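This report covers an aromatic pair, the sheet with its helix, and a pocket. The sequence and the structure come before the details.

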Amino acid sequence: MSKTLTIIARIEAKTESLNLVKQEVLKLIEPTRKEKGCIQYELHQDNEKPEIFIFFENWESQELWQTHMESSHLESFVKNTKEALADLTINQMSKIN
């Protein structure tokens with residue numbers, strides 16, 4: 001049986017690219033929530049530093065998340081924000097309690 005995979009994705013836009021990055025992260029929500037294995041996909045924006053976006057994700061398995069990582073909408077995000085990001089960090093996590 002597969003364990004649920006939690007993803008914390010931290011995206012930091014360059015200040016001058018904030019609006020572009022925000023548009024692009026918002027485009028990810030609807031198609032991702034429809035993907036097989038997506039349990040939770042929530043986007044948050046930092047209140048004090050609006051350039052920082054956090055996705056809290058839960059997936060049925062690591063394999064299904066990997067399929068998401070190869071999706072056309074995620075490929076478009078990467079292409080469209082290539083020069084607009086200051087940082088991108090993805091943590092794969094497991095619940096321990």
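## Aromatic pair

In this predicted model, the count of aromatic pairs comes to 1. Its members are Y41 and F55, with ring centres 4.5 Å apart and 25 degrees between the planes. The pair is classed as stacked because planes under 30 degrees apart count as such.

Y41 belongs to strand β2 and F55 to strand β3. The two residues are 14 apart, and the pair links distant parts of the chain.

## Sheet and helix

The sheet is open and has 4 strands, ordered β2-β3-β1-β4, with antiparallel pairing. β2 (38-45) and β4 have a single partner strand each and stand at the edges, so each has one side without a neighbour in the sheet. From one strand to the next, the twist averages 10 degrees.

β1 and β4 run antiparallel and are joined by 8 bridges. One residue with a bridge partner in β4 is A13, which is matched with L85.

Helix α1, spanning residues 18-33, lies across β1, β2, β3 and β4. Relative to β2, helix α1 runs at about 165 degrees.

## Largest pocket

The largest pocket holds about 180 Å³ of space. Its lining consists of 15 residues, and those nearest the centre are M69, L74, F77, L88 and I90.

Which elements each supply at least two residues of this lining? They are the strands β1 (5-13), β3 (52-59) and β4 (85-93), together with the helices α2 (62-69) and α3 (72-81).

Sorted by class, the lining has 13 nonpolar residues, 1 polar residue and 1 charged residue. β4 thus appears in two settings: as an edge strand of the sheet and as a contributor to the pocket lining.

How values were computed. Residues numbered from 1 in each chain as written. Predicted model: local features only at pLDDT ≥ 70, side-chain atom pairs only at ≥ 80, totals over all residues. Heavy atoms only, no water. 1 Å grid on protein atoms, 1.4 Å probe; cavity = no way out; pocket = protein on both sides within 12 Å on 5 of 7 lines; lining within 4 Å. Points joined across faces, edges and corners; volume = space filled by probe spheres on them. Nonpolar A, V, L, I, M, F, W, Y, C, P; charged D, E, K, R; others polar. Pairing = 2+ DSSP bridges. Axes fitted to C-alpha atoms, helices over the stretch in contact; angles between N-to-C directions. Contact = heavy atoms within 4.5 Å. Phe/Tyr/Trp six-rings, centres within 6.5 Å; stacked < 30°, edge-to-face > 60°.
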